Amino acid sequence: MSQEHYFSDQPNAPEKRRTITADLGGGHSVAVQTSNAIFSPGGVDKGTAILLKHAPQPPSDGHFLDIGCGWGPLTLRMAFESPSATVFAVDVNERSRKLTADNAASLGLTSVKVFSPEDLPADETFDLIWSNPPIRVGKEVLHAILLQWLPRLNVGGIAYLVVQKNLGSDSLQQWIATTLGKSFTVDRLTTDKGFRIISVLRNA
């Protein structure tokens, strides 16, 4: 899948939806719709699967965020685990946003709210962020994405980011820690199958 497709707001290729069975972890195997010209249309990608496997249980309520939602695996899992929470899903790709909204609706997950990054209200803050960030957009764009969202964690809020080790997870962890400063604690939660999960806790 070329970057200009799934990183585009409106992909040029005509939409071709299909239904797949996806394992979201936690006992949630569900039928969802995916499409061409989005990220990982064939199912849950390896990095997202690692995050779904290792991320701690979400709080029972609060405001959660999925950065780069694709067709919605992280969003759907958070909504299943914490039905009293509000789960915000953002993606630049309009097709991905529509799929996430439709998948949430078909599964009865009424707490999911889907936005383009620029349309999510600027005063919204978050207690939890899960993300498989789009590393391949390039360092400058990736950094801008993370700086758009990570500072919007509430005090005590935490983000979990899954990043492939050979795509720069360790240097990204160091950059996040240096850039965000002493108000945040940045650690490595775990390593699995060549992926790191970086945790970013807001402590002040």
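**Close-up views of the predicted model**

**View 1. Phe-88 and Phe-126 form an edge-to-face pair.** Both Phe-88 and Phe-126 are buried (under 20% relative accessible area, 1.4 Å probe, protein chains only). The model is predicted: local features require pLDDT of at least 70, side-chain atom pairs count only at pLDDT 80 or more, and totals for chains, interfaces and linings use all residues. Residues are numbered from 1 along each chain as its sequence is written, and side-chain values use heavy atoms, without hydrogens and water. The structure contains three aromatic pairs (ring centres of Phe, Tyr or the six-membered ring of Trp within 6.5 Å). The ring centres of Phe-88 and Phe-126 are 5.8 Å apart and their planes lie at 75°, so the pair is edge-to-face (over 60 degrees). Phe-88 lies in strand β4 (residues 86–90) and Phe-126 in strand β6 (residues 126–131), 38 residues apart, and the pair thus links distant parts of the chain (strands are DSSP runs of E, at least two residues).

**View 2. An aromatic cluster includes Phe-88 and Phe-126.** Ring pairs join these two residues with Phe-115 and Trp-149.

**View 3. Helix α6 has a buried side.** Ser-169, Leu-172, Gln-173, Ile-176 and Leu-180 of α6 are buried. They cover an arc of only 105° around the axis (directions from the helix axis to the C-beta atoms), which places them on the same side of α6. On the other side, Gln-174 and Thr-178 are exposed (over 50%). The buried residues of α6 pack against α5 (139–149), β7 (153–164), β8 (184–192) and β9 (195–202) (contact: heavy atoms within 4.5 Å).

Note on methods. Helices (H or I, at least four residues) and strands (E, at least two) are DSSP runs, numbered from the N terminus. Rings of Phe, Tyr and Trp (its six-membered ring) pair if their centres lie within 6.5 Å; planes under 30 degrees apart count as stacked, over 60 as edge-to-face and the rest as tilted.
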